[in-house]
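Colleague: Please take me through the criteria behind the labels assigned to this model.

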Amino acid sequence: MSDLLALSAAELARAIRARKTSAAEAMQVVLPVARKAHAKLNCFVRIDEEGALVAARAADAAIARGRAAGPFAGVPMAHKDMYYREGEASSCGSKITRDRPAPATATALKRLDAAGAVQFGVLNMTEFAYGPTGHNYHWGHCRNAWNPDYITGGSSSGSGSSVAARANFAALGSDTGGSIRLPAHFCGVAGIKPTYGRVSRAGAMPLSFSMDTLGPLARTVEDCALILQAIAGQDPADATSSALPVPDYVAGLARPVKGLRIGIPASYFLDAVDPGIRKLLEASLDVLRSLGCEILEVAIPDMDAWNRAGTAIIAAEAAALHSNWLRERPQDYSDQVRARLEIGAGVTATQYLNALRLRDAALKAWLAEVMSNVDAVHAPVVAFATPTIAQTDVGGGAKMTELLALVTRLMRPVNFLGLPSLAVPCGFQPHGLPCGFQLIGRPFDEGLLFRLGHAYQRATDWHTRRPPA
Amino acid sequence: MSTDPKQTYTDLLALEGVMLDPARAAGAAEVLRTQLEVERKATQALAFEAEPACFAATLRDGSR
């Protein structure tokens with residue numbers, strides 16, 4: 001088959017199942033591209049070429065024997081280097097755990113293995129997933145496939161960069177304060193931050209156990225739906241995973257979107273949006289309107305307090321998790337992560353607990369005041385034009401807090417509320433870097449977000465654009 | 001302890017066994033001060049009985 005790299009993960013899986021291509025052929029095509037992309041973008045931590053080819057041939061043999069192939073049988077994937085495989089080291093983007101064997105395999109990886117995906121590498125990420133720009137002072141900064149001088153967003157930097165570069169068919173990321181949606185926006189790919197509890201966190205590096213969510217970044221919304229289908233659902237190894245049944249996301253993609261009500265926030269999300277981004281957001285709303293969606297303005301509660309409460313929760317929980325290393329190996333952290341952990345170590349118990357107490361009232365207010373009127377909220381992912389790596393290279397210095405607050409401002413309240421949010425590419429900013437919008441849904445309503453995002457992608461071609469080779 | 005916020009912050013972390021870089025003490029103390037101010041405002045209207053554990057149930061019940 002020609003140009004396998006033009007296929008989405010779902011399309012490649014269908015082609016492999018139909019014997020139009022093979023897992024081995026797909027792997028042989030993607031590996032040199034991954035090598036080349038890594039040389040330019042620093043998006044991988046490790047590529048296991050030999051193991052990947054052996055696994056791909058085994059997948060082909062299983063398909064040839066007529067053994068039931070999973071939805072991703074033979075599809076090459078690489079994931080953020082914080083998904084543990086028992087006995088293997090997961091760097092978590094850090095110096096501290098780079099040689100530490102993982103205690104157990106992540107449930108999400110086990111489920112993707114069962115779905116037939118073939119993992120061929122692990123991806124660069126922000127140190128301990130604690131940073132939104134994609135800088136990494138231990139493994140090198142990850143670079144944007146559309147222009148290597150620009151940031152990828154983080155913390156799932158390698159996930160966004162490798163998928164955008166067509167060096168990877170799909171990747172798992174994690175989102176505690178925007179770490180899936182930011183790289184999706186900056187790199188021009190789709191990404192879903194699921195509802196808190198929808199995907200088991202077992203075997204994935206924790207940053208903030210009250211806010212961490214796991215999900216995919218992929219070329220299409222359909223891919224995201226398929227991957228979430230594979231990894232979602234209750235897991236005895238994660239007490240916070242939800243017992244609610246996982247709907248059939250893929251079947252739901254075909255349902256019409258006509259008549260769905262989409263809210264535009266009357267405040268907060270659209271304050272001070274860059275004109276180039278605003279234009280793209282408005283164009284994306286025009287597309288959704290043309291598909292029969294009703295677009296209406298919705299009043300939004302005070303998100304600023306929720307944003308700050310979310311910041312306090314993450315800071316305190318991260319500092320607690322890192323307290324031993326922070327005492328014993330502070331020099332092994334980058335300045336920025338160390339500075340943020342030091343701030344977290346000073347969060348008082350009452351501040352932390354009140355932030356957690358506020359969460360329930362905030363969610364009730366959001367559901368009553370916003371989601372009672374609309375099916376989803378449409379909002380920017382970030383409000384400013386994509387900056388360069390150099391412009392955002394603030395380390396742990398005086399500008400750090402302001403910059404990080406700016407980057408995560410439209411993300412963190414959604415994590416605080418525990419809601420699902422889908423990032424979808426919607427064009428290019430005036431300086432050529434991609435742009436996305438986010439659709440925020442009701443709890444556990446990822447299916448509706450996929451439906452809207454898929455309909456949008458069927459009406460547009462932004463997701464088919466490829467960055468320069 | 002000192003009445004200087006940055007020294008107080010440094011001392012607090014030292015009690016936790018964390019050695020704060022002196023160059024960052026003022027910034028960290030200021031971040032904490034701002035956070036506490038916002039937290040006070042945000043939780044003023046919070047019910048006396050509000051508990052963190054209620055959040056999971058609201059999330060579950062908030063689904064369609």
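The exchange below sets computed values against their definitions.

Modeller: The model is predicted: local features need pLDDT of at least 70, side-chain atom pairs count only at pLDDT 80 or more, and totals for chains, interfaces and linings use all residues. Residues are numbered from 1 along each chain as its sequence is written, chains are lettered from A and ligands numbered from 1 in the order in which they are written, and side-chain values use heavy atoms, with hydrogens and water left out.

Colleague: Why is the pair of A:Phe128 and A:Trp325 called stacked?

Modeller: Rings of Phe, Tyr and Trp (its six-membered ring) pair if their centres lie within 6.5 Å; planes under 30 degrees apart count as stacked, over 60 as edge-to-face and the rest as tilted. For A:Phe128 and A:Trp325 the values are 5.8 Å centre to centre and 25° between the planes, so the pair is stacked.

Colleague: Where in the chain do these two residues lie?

Modeller: A:Phe128 is in the loop between strand 3 (118–123) and helix 5 (157–164) of chain A, and A:Trp325 is in helix 11 (residues 323–328), 197 residues apart. Helices (H or I, at least four residues) and strands (E, at least two) are DSSP runs, numbered from the N terminus.

Colleague: Is A:Phe128 buried or exposed?

Modeller: Buried means under 20% relative accessible area, exposed over 50%, and partly exposed in between (1.4 Å probe, protein chains only). A:Phe128 has 2% and is therefore buried, whereas A:Trp325, at 25%, counts as partly exposed.

Colleague: What makes the pair of A:Tyr249 and A:Phe450 edge-to-face?

Modeller: The ring centres of A:Tyr249 and A:Phe450 are 5.3 Å apart and the planes stand at 75°, so the pair meets the edge-to-face criterion. This pair joins helix 8 (residues 249–252), which holds A:Tyr249, to helix 16 (residues 446–459), which holds A:Phe450, with the two positions 201 residues apart. The relative accessible area is 1% for A:Tyr249, which is therefore buried, and 0% for A:Phe450, which is likewise buried.

Colleague: How do you know that A:Arg340 sits over the ring of A:Tyr130?

Modeller: A charge sits over a ring if NZ of Lys or CZ of Arg is within 6 Å of the ring centre and within 35 degrees of the ring normal. The charged end of A:Arg340 is 4.0 Å from the ring centre of A:Tyr130. A:Arg409 lies over the face of A:Tyr268, at 3.9 Å from the ring centre.
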